[in-house]
Amino acid sequence: MSGGTESGGAAHVRRQAEREAREAADEVYQAILSRAPEHEIDPSFDRTLAVMELLGDPQKAYRVVHLTGTNGKTSTARMVERLVREHGLRTGRFTSPHLSRVNERIVIDGEPISDERFVEVWQDVAPYIHLVDQRSAEQGKQRLSFFEVFTVMAFAAFADAPVDVAVIEVGMGGSWDSTNVADGEVAIITPIAMDHERYLGDTLLDIASVKAGIIKDGATLVLATQQEDVEGVVLAAAAERGARVVREGVDIQVVDRQVAVGGQLIALQGLGGTYTEIFLPLHGEFQAHNALLALTATEALLTGGRALDPGIVEVAFADVDSPGRLEVVRSSPTIIVDGAHNPAGVEALVPAIEEAFEFQRLVGVVGVMADKDPEGMLSLLEPLLAEVVVTRASNARSLDVEDLAEVAIDIFGEDRVHVAERLNDALDLAVTRAESEAERGAGVLVTGSILLVAEARMLLGRR
């Protein structure tokens, strides 16, 4: 066998090792899943902090960019990470939820950690997690949750790599989120809207107060455009902590934006000057604003606010992706998936689709979680969609299909609503309905829940 070519025996051994590693990682994941899920919150990071102290505070081993907000966090985090990495620094990225495999949540140098490394990290931290679990049980408190365990694993993996910069997205809120054990040198707050009211509060001001909790003493805050009273809450928190504040629309702005094939051309005025003719391979005005936040955060982190090399910025943005966010996963007909799961997300989604695509007939596949606002989302989708197929993700938290259909019929009328309990049936039906009255320009939009989008991507062959 010539050099560089893997023999059949070696390939078999490699595939066997990969299968065993995947099975071991899946076993660890299933064990972690037995813990309190992400949507059941005990608002405290005390347990996470206790494990961090036992591990020697790995979250202090690198610089941190910390993100919160209601929508846009993951896309913005991916942009920050890509910009920082293009400058030659080693990066970690922690985001949630995942779309295909849980490894996606913990990313080092742009790649999800391997199954082998996933298991190794768990084995490294498990004794300390179990010790804190035991202490909590003795005090009549709950053990670490699913998300808290993943926070611990991410911070430990980043320290062990080691990374230079970690880009960390909160799980929910800010002040008591488990990720808040880290001290973000730069904090980003994306637009704040109503979501997770059960935990964050019934008003935008309550929610803003919780999210402002990620601002640390002396940090730089990059703040997206907010409602005036929301901005007031955040600015007061920043002032209290002596943070430097950079505001969209005051200090920085999207100067220009033009639709381009496969995305958009944008011009951004950051702290260090204006960057022009940047190609961003993502659709929607909101992504241009996410890019502005990411650029500014990177300027603040790497240069203190001076201009970055335009060539590096251009290369980094051109390589950005954001799976599950206005993502085209199939053509003929075009099938788009988007993880919008609240009215604010749908409000950004609708004009983005109208701008970037020319559909003669668009049919929606919609499923939502039971704790969300289906009426608000469907009302915003109604002018965009010819018909809607209501369905559900295979998750216990999903809203019952019949209940969702009832809401949809009130908004769309009975003739425009179809029901499919299973997502694969919903996709088939939506394609049929989209193509039924459009010779060309037919499309299908899957939205309403990240979990639904994740399952749709899997069914359509995306990994």
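Is S332 buried or exposed? S332 is exposed, because its relative accessible area is 69%; here exposed means over 50% relative accessible area, buried means under 20%, and partly exposed lies in between, computed with a 1.4 Å probe on protein chains only. The structure is a predicted model, in which local features need pLDDT of at least 70, side-chain atom pairs count only at pLDDT 80 or more, and totals for chains, interfaces and linings use all residues. Residues are numbered from 1 along each chain as its sequence is written, and side-chain values use heavy atoms, with hydrogens and water left out.

We begin with the sheets. Most of the description below refers to helices (H or I, at least four residues) and strands (E, at least two), which are DSSP runs numbered from the N terminus. Strands of a sheet pair through backbone hydrogen bonds, either parallel or antiparallel. Two strands are said to pair if DSSP finds at least two bridges between them.

One open sheet has 8 strands in the order β4-β3-β2-β5-β1-β6-β7-β8, and its pairing is mixed. Its edge strands are β4 and β8 (244–247), each of which pairs on one side only. Strand β7 (residues 220–223) can be followed on both of its sides. With β6, strand β7 forms a parallel pairing over 4 bridges, in which A187 has L221 of β7 as its bridge partner. With β8, strand β7 is again paired in the parallel sense over 4 bridges; there V222 has V246 as its bridge partner, and L221 stands opposite V245. Both faces of β7 are covered, since T220 and V222 on one side and L221 and L223 on the other are all buried.

Helices accompany this sheet. In what follows, contact means heavy atoms within 4.5 Å. Axes are lines fitted to C-alpha atoms, for helices over the stretch in contact, and angles run from 0 to 180 degrees between N-to-C directions. Helix α5 (residues 146–160) lies across β2 (91–94), β3 (106–108) and β5 (165–169), and runs at about 10° to β3. Helix α8 (residues 228–240) packs on the sheet and touches β6 (186–189), β7 and β8, with a direction that makes about 170° with that of β7.

The next sheet is also open, with 3 strands in the order β9-β10-β11 and antiparallel pairing. Strands β9 (253–260) and β11 (274–280) stand at its edges with a single partner strand each, so one side of each is left without a neighbour in the sheet. Neighbouring strands of this sheet are turned by 15° against each other on average, direction ignored. Strand β10 (residues 263–269) pairs with β11 over 5 bridges in the antiparallel sense, and Q269 has T274 in β11 as its bridge partner. Helix α10 (residues 310–318) packs on the sheet by touching β10 and β11, and its direction makes about 25° with that of β11.

Individual residues add detail. V255 lies in strand β9 and counts as partly exposed because its relative accessible area is 45%. Leaving aside neighbours within four places in sequence, V255 is in contact with A267, L268, Q269 and T274. S136, by contrast, is found in helix α4 (residues 115–138) and counts as buried because its relative accessibility is 5%. With the neighbours within four places again set aside, S136 is in contact with R47, K141 and Q142.

The backbone also deserves attention. Most residues other than glycine have a negative phi, and most peptide bonds are trans. S332, in the loop between β12 and β13, has a positive phi near 55°, and the peptide bond from S332 to P333 is cis, with omega near -10°. Another cis peptide bond joins A161 and P162, with omega about -15°; P162 is placed in the loop between α5 and β5. L326, in the loop between α10 and β12, has a positive phi of about 45° although it is not a glycine. L326 counts as buried because its relative accessibility is 4%.

Finally, we turn to a pocket. On a 1 Å grid over the protein atoms alone, a pocket is an open set of points with protein on both sides within 12 Å along at least five of seven lines, and lining residues have an atom within 4 Å of a point. The second largest pocket is lined by 26 residues, of which R78, D321, S322, P323 and R457 lie nearest its centre. Among the elements of the lining, α3 (73–86), β4 (111–112) and β12 (327–330) each supply at least two residues.

Technical notes. 1 Å grid on protein atoms, 1.4 Å probe; cavity = no way out; pocket = protein on both sides within 12 Å on 5 of 7 lines; lining within 4 Å.
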